[in-house]
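Dear colleague,

I am passing on the structure we discussed, and below it you will find my notes on what turned up in it. Please read them alongside the coordinates.

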Amino acid sequence: MGIQLIERKGSFDAGHRIMNEKTKCFSIHGHTYLYDLIFEFGAMEQIGYAIDFKEIKRVGVQWIEDTLDHGVILNPKDVELIKAADATKSRRWLMSLNGEGEYCNPSVENVAKELFLAIDALFLEYQDLRLHSIKLHETPNCATTCFRSSISNEERDNWSRFRLEQLKSYAAEKGIMNYDDRK
Ligand SMILES: Nc1nc2c(c(=O)[nH]1)N=C([C@H](O)[C@H](O)COP(=O)(O)OP(=O)(O)OP(=O)(O)O)CN2
């Protein structure tokens, strides 16, 4: 059986800036990020779902809402902004593809990689389902698509050392919901 894809769109608002960027992206600014979470699946449940869209929302979309929405996504070397976020009790996400505390800018390419790793971790335990790709728009005109193969082993290891336990706990707390009234 070939693979089929299933897709859930969403959006979140976050601030960031790109350290060492020569022009306007150095300045603190925000985006309404639009994303498509694209999963591949093989076998389906008998009721005809690969996964209920509501389940993707309950776990994946909700994690994005809880973690990134109305926060700032920062390079760990951006100490001034980290201080400001903490002083104002603002939500912040520090990039960690290059290791905890290491220079990593929140470009749309890098944010998409971190988002891929997070969503992948949240849906690890779902049978016959695997994250295929994430398309992430920073503006209506500017986007990237991140595949599993876009992320190096080193980036995955760096990120996992810092983030994986946190994601696994979130997934464990959520559990997996059954939508079939016969089960
Ligand atoms: N490779 C990347 N290039 C740029 C990124 C990025 O993350 N990766 N980010 C930006 C900006 O933050 C933003 O995403 C694009 O801004 P801009 O070029 O102004 O695009 P707009 O859609 O807002 O503007 P239009 O010119 O109206 O299309 C820049 N580069």
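In which strand does F12 lie? Bearing in mind that this is a predicted model, F12 belongs to strand 1, which covers residues 4-16. F12 counts as partly exposed because it has 19 C-beta neighbours inside 10 Å, and 20 or more would be needed for a residue to be buried. Apart from neighbours within four places in sequence, F12 makes contact with Y33, I64, E65, L68 and D69. The C-alpha atoms of F12 and H31 are 8.2 Å apart in space, although 19 residues separate the two in sequence.

Turning to the interior, the largest nonpolar core comprises 35 residues, and L115, F116, I119 and I134 have the most contacts inside it. At least two residues of this core come from each of strand 2 (29-41), helix 1 (53-67), strand 3 (71-74), helix 3, strand 5 and helix 4 (153-174), with helix 3 giving the largest share, 9 residues. If residues up to four places away in sequence are set aside, I119 touches L37, G60, L131 and I134.

As for the ligand, the residues that surround it are C25, S107, V108, E109, E138, T139, N141 and C142. Helix 3 (108-122) and strand 5 (129-139) are the elements that contribute two or more residues to this shell, which by class consists of 3 nonpolar, 3 polar and 2 charged residues.

With best regards

How values were computed
Residues are numbered from 1 along each chain as its sequence is written. This is a predicted model: local features need pLDDT of at least 70, side-chain atom pairs count only at pLDDT 80 or more; totals for chains, interfaces and linings use all residues. A residue is near a molecule or strand if its C-beta atom, placed from the backbone, lies within 6 Å of it. Helices (H or I, at least four residues) and strands (E, at least two) are DSSP runs, numbered from the N terminus. Ala, Val, Leu, Ile, Met, Phe, Trp, Tyr, Cys and Pro count as nonpolar, Asp, Glu, Lys and Arg as charged, and the others, Gly among them, as polar. A residue is buried if 20 or more other C-beta atoms lie within 10 Å of its own, exposed if 12 or fewer, and partly exposed in between; C-beta atoms are placed from the backbone. Two residues are in contact if their C-beta atoms, placed from the backbone, lie within 7 Å. A nonpolar core is a set of buried Ala, Val, Leu, Ile, Met, Phe, Trp, Tyr and Cys residues joined through C-beta atoms within 7 Å.
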